[in-house]
2 protein chains.
Amino acid sequence: MLNEKQDSWPAGMKKTKQRMCVYSALEQSEIPLSAAEIYQKISNSGTEISLSTVYRILECFVRETAAVKTTLPQSDTAMYALIRRQHAHYAICLSCHKIIELENCPLENYVPHLSESEFHVLGHRVELYGYCKNCEAKKN
Amino acid sequence: MLNEKQDSWPAGMKKTKQRMCVYSALEQSEIPLSAAEIYQKISNSGTEISLSTVYRILECFVRETAAVKTTLPQSDTAMYALIRRQHAHYAICLSCHKIIELENCPLENYVPHLSESEFHVLGHRVELYGYCKNCEAKKN
DNA sequence: CTCGGTGCAAACTCTTTGCATTGAC
DNA sequence: GTCAATGCAAAGAGTTTGCACCGAG
């Protein structure tokens, strides 16, 4: 039971400086990040990394099911989050694109009207759209 | 019995052959379509259209809030659907990427733990992930 | 007739790939 | 020392844009 260490570093995956930086960037973020954002965070913190390496590392994490790749609306860039946060859901502001993490999962007690024989449900995504406090105020 | 007035054609938007074809393609589909799919459907039905025009028309529909742009997981291409179908939700097969429309909305009775003063909720998206009947069978 | 819509090709952005070099085990 | 990981640059996919021509109102 070693929870204090990296909870979900993929078994047998080499720990290079770059990979640990990417993992750490994702770990420290409450919301999904794009490859470019991760690249920026790491570069700003003084570590050398190339953008293509960021993409390759993210691809590894996704393949090893340590992370998920997703895409938010009104943006064509892929976002990545650790599986640990996979079950988090978000409210997204249509104006400033701010992402707010939801506290509870609306689907906790939901049973889809899809029989298990038709579709084997493994996970889900929920997103709310609207305007955040600031943008709502600006509109009026 | 054809509706002379399309239910949600944006007010004041010129009705060109190409625009009506795009609208009709979206109208006839139960699931969101990519620009390329729309282009194919229209081309196959014998109407000349260019891909960039499809993109421009979709952009118009989105700007006029007649359609929504979204992106499904494990695909980097944007998908479009008429607002009329905006409230539809889907189950997506992780193996064959088939999209199945859900019959009911799991959020119908959901009140988010976000006060209205913090975020003005206008809409939502729900997606289930898993394996469809066929792919589930193949795995075993 | 006018002005917005369209087609084409080129540009742009995000992402992936080939290849030589580097570094973790 | 070996083989996978990295950096760089170039290639790809999807999408957007500039410009001349076309066609709906």
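**Where chain A meets chain B**

In this predicted model, a salt bridge links the side chains of Glu127(A) and Arg125(B), with a nitrogen-to-oxygen distance of 3.1 Å. Across the interface of the two chains, three salt bridges are found, along with seven residue pairs in polar contact, where both partners have a pLDDT of 80 or more. On the chain A side, strand 2 (67-71), strand 4 (90-93), strand 6 (119-132) and helix 4 (133-139) each contribute at least two residues to the surface that touches chain B. Strand 6 of chain A provides the largest share, with 14 residues. Sorted by class, the chain A side comprises 21 nonpolar, nine polar and seven charged residues.

It helps to look next at the extent of the contact. Chain A brings 37 residues to the contact, and chain B brings 37 residues as well. Between them, the two chains bury an area of about 3,300 Å², and carbon and sulfur atoms account for 59% of this area. Within chain A, the residues that lose the most area to chain B are Phe119(A), Arg125(A) and Tyr129(A), which together make up 20% of what that side buries.

Strand 6 also deserves a look for its pairing. Strand 6 of chain A and strand 6 of chain B (residues 119-132) run antiparallel and are joined by 13 bridges. One of the residues to follow here is Val121(A), whose bridge partner in strand 6 of chain B is Gly130(B).

Terms used:
Residues are numbered from 1 along each chain as its sequence is written. Chains are lettered from A and ligands numbered from 1 in the order in which they are written. This is a predicted model: local features need pLDDT of at least 70, side-chain atom pairs count only at pLDDT 80 or more; totals for chains, interfaces and linings use all residues. Side-chain values use heavy atoms; hydrogens and water are left out. Contact means heavy atoms within 4.5 Å. Buried area is the accessible area (1.4 Å probe) that two parts lose on being put together, summed over both. A salt bridge is a side-chain nitrogen of Lys or Arg within 4 Å of a carboxyl oxygen of Asp or Glu. A polar contact is a pair of N or O atoms within 3.5 Å; within protein, one must be able to donate a hydrogen and the other to accept it, and residues adjacent in sequence count only if both atoms are side-chain atoms. Helices (H or I, at least four residues) and strands (E, at least two) are DSSP runs, numbered from the N terminus. Ala, Val, Leu, Ile, Met, Phe, Trp, Tyr, Cys and Pro count as nonpolar, Asp, Glu, Lys and Arg as charged, and the others, Gly among them, as polar. Two strands pair if DSSP finds at least two bridges between them.
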